[in-house]
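Reader: Hi! Could you walk me through this structure, a bit at a time?
Author: Happy to, let's have a look together.

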Amino acid sequence: MTALVMLRPLHCATQAALYRTIDIHYRSTANPPSRLLDVMHTGTYCPIYRSIGFIAMTRSGIALIDPEGSQPTDHAVAVLAADSPLELTVSSNAGPAAPEAAPPRRSARASFAAAIATSLEWYDFFIYSTAAALVFNTTFFATDNAVVSALSSFATVAVGFVARPVGGAVAGVLGDKHGRKPVLVGAMILMAVATSLIGFVPDTGVVWLAPTLLVMLRLCQGLAVGAQWSSAVLVATENAPAHLRGFFGSFAQLGVPIGAVLGNVVFLIATAVSSTEAFVSWVWRIPFWISLVMLPIAFAIHRFLEETPEFKAVAARAAAQPQVRRSVFLEAIRRNPGAILTAAGANTAGVVLFQVTIAGSVQFVTTYLGVGRTSALTWILIACTLMMPLVPFFGWLSDRYGRKLVFGLGAAAMMLWAVPMWLLIPAAGPDRVWPFGLAVIGAAIAMSLQTGTQGTLIAELFPPEVRSSGASLGYQIAGIIGGFGPFVTVALIDGDAANAWRVGALVAVLAAASLICLQLIIRRRYHSTPVHAPSGEAEVVAAR
């Protein structure tokens with residue numbers, strides 16, 4: 001028995017419904033294959049390729065057939081063999097086993113909640129980087145050598161990034177077992193408590209253990225932000241209609257520039273209304289105390305936000321067919337090592353560039369070029385504000401032209417801009433700040449291309465059963481490397497502004513590696529079988 005389905009470039013929602021329908025009906029065969037081949041992804045799921053093909057589905061496997069001379073249509077046609085006992089119907093309905101369709105109101109509510117949650121989480125995480133650049137080198141790590149003080153201060157920034165994969169791994173397991181929403185709420189509570197306590201840590205001159213307390217609380221920040229990322233992205237994408245997952249998924253990523261803007265606004269106000277002595281003494285603590293506002297918002301999300309339909313479907317299947325399962329975390333690694341590593345490699349350049357822009361460049365221009373704190377933070381604020389409309393715009397573009405194309409353009413832009421950026425920055429000075437402003441604005445545009453697409457791109461590499469664990473690992477591994485960005489910036493420059501180009505060269509190399517990893521994703525098109533699929537049941541997971 002053979003069923004032929006002719007696929008053409010379709011609207012993304014129609015494609016997703018078509019794939020789900022094929023998968024659902026194909027599971028009813030007596031001996032389904034253990035793994036759906038990548039041919040289901042070839043061309044039609046990704047509008048970049050615009051290819052046309054037949055998928056031949058048999059009891060022994062799947063093959064791609066080239067329909068020469070076929071005429072273009074704007075719909076899919078199912079051609080069934082006359083003797084086929086399998087009823088295969090292609091329609092806009094996914095069938096009873098598919099996740100429920102996401103109504104627009106729920107999609108908007110979920111994406112708004114994800115944006116609010118990630119904005120506050122990243123606000124808390126980034127104000128530490130800003131404080132490390134402006135204050136911690138004197139309040140906690142004061143020495144006679146400015147470079148050593150800065151390195152010590154930024155080393156604690158990196159501690160948070162090292163902790164992120166641990167938080168991501170724990171949250172990934174919990175998210176795949178108990179749902180995305182409770183993990184997101186728990187991460188928000190942990191972040192609010194840890195960040196507010198940082199504001200109460202006394203200076204080293206008062207308590208000699210102060211740096212140790214600071215590092216412990218930074219570890220908690222890292223655990224929290226690692227836990228929230230995958231949960232927020234999945235809350236947004238799994239509640240979104242298939243043809244707008246890039247757009248709605250970008251709202252979780254929108255928290256990055258919003259958090260940076262909020263942090264910089266608060267620090268700008270703090271520096272503007274206080275003297276330098278007062279700021280270093282106690283005013284810098286106020287931005288950390290503000291994070292307590294996350295607690296009521298976390299409880300509101302817990303009260304009013306629904307669990308995602310895809311997780312509900314996974315939970316329903318698990319309840320209907322209970323099985324002894326291995327560790328979700330280990331299964332994600334065992335079944336998806338290529339997807340995890342390429343996702344990490346593809347995202348490293350963007351994480352590094354963001355960190356060296358909002359923290360490393362600020363420390364450099366204020367310490368070595370005489371640029372005022374207010375001037376530097378104002379340009380960072382402008383750059384991050386520019387990212388706010390660009391991130392969802394590029395997420396929307398990824399729905400139309402494909403994740404990989406938009407993401408790849410971002411990597412290429414970072415590679416081309418990195419060295420010119422760090423040749424411009426040293427040209428800044430107390431009365432000549434525009435080179436610094438131009439440099440960070442160019443970086444913001446390049447980063448927006450990746451930021452708007454990376455959440456959805458990574459999530460689509462993994463099946464729902466291990467999606468939280470796999471996506472979190474792929475993203476947070478990149479975070480470890482990115483966390484050392486400000487530290488490496490200080491080490492590469494080594495007190496000499498003429499060495500600034502080295503930072504740009506490093507970012508350019510990482511961006512080139514990002515393009516290579518993206519090419520591996522395109523060539524290999526990593527798709528994974530579900531962790532608990534009975535009789536080799538397969539799930540269609542295609543990353544556009």
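Author: A charge sits over a ring if NZ of Lys or CZ of Arg is within 6 Å of the ring centre and within 35 degrees of the ring normal. This is a predicted model, where local features need pLDDT of at least 70, side-chain atom pairs count only at pLDDT 80 or more, and totals for chains, interfaces and linings use all residues. Residues are numbered from 1 along each chain as its sequence is written, and side-chain values use heavy atoms, with hydrogens and water left out.

Reader: Okay, so which residue lies over the face of F125?
Author: That's R218, at 4.0 Å from the ring centre.

Reader: And how many aromatic pairs are there?
Author: The count is 20. Rings of Phe, Tyr and Trp (its six-membered ring) pair if their centres lie within 6.5 Å; planes under 30 degrees apart count as stacked, over 60 as edge-to-face and the rest as tilted. Take F393 and F394: their ring centres are 5.4 Å apart and their planes are at 55°, so this pair is tilted.

Reader: Are those two buried or exposed?
Author: F394 is buried, at 10% relative accessibility, while F393 is partly exposed at 39%. Buried means under 20% relative accessible area, exposed over 50%, and partly exposed in between (1.4 Å probe, protein chains only).

Reader: Nice. Which residues do ring pairs link into a cluster?
Author: Y128, F136, F140, F141, W284 and F288.

Reader: Switching to helices: at what angle do helix 6 and helix 16 pack?
Author: About 105°, with the axes of helix 6 (residues 245-253) and helix 16 (residues 434-459) 7 Å apart. That makes the two roughly perpendicular. Angles under 35 degrees count as roughly parallel, over 145 as roughly antiparallel, 65 to 115 as roughly perpendicular and the rest as oblique. Axes are lines fitted to C-alpha atoms, for helices over the stretch in contact, and angles run from 0 to 180 degrees between N-to-C directions. The helices themselves (H or I, at least four residues) are DSSP runs, numbered from the N terminus.

Reader: What classes of residue make up that contact of helix 6 with helix 16?
Author: It has no nonpolar residues, 9 polar and 1 charged. Here Ala, Val, Leu, Ile, Met, Phe, Trp, Tyr, Cys and Pro count as nonpolar, Asp, Glu, Lys and Arg as charged, and the others, Gly among them, as polar.

Reader: What does T456 touch?
Author: Setting aside residues up to four places away in sequence, T456 touches T237, R245, G246, G249 and R403. Contact means heavy atoms within 4.5 Å. T456 lies in helix 16 and is buried, at 1% relative accessibility.

Reader: How do helix 3 and helix 17 cross?
Author: At roughly 180°, with the axes of helix 3 (residues 146-178) and helix 17 (residues 467-483) coming within 8 Å. They are therefore roughly antiparallel. Their contact has 11 nonpolar, 10 polar and 3 charged residues.

Reader: Where is I480 found, and what does it touch?
Author: I480 is in helix 17. Leaving out residues up to four places away in sequence, I480 touches F161, V162 and P165. The C-alpha atoms of I480 and F161 are separated by 4.8 Å, although these residues are 319 apart along the chain.

Reader: Last one: what is the phi of D494?
Author: It's positive, about 55°, and D494 is not a glycine. Most residues other than glycine have a negative phi. D494 lies in the loop between helix 18 (485-493) and helix 19 (501-524).
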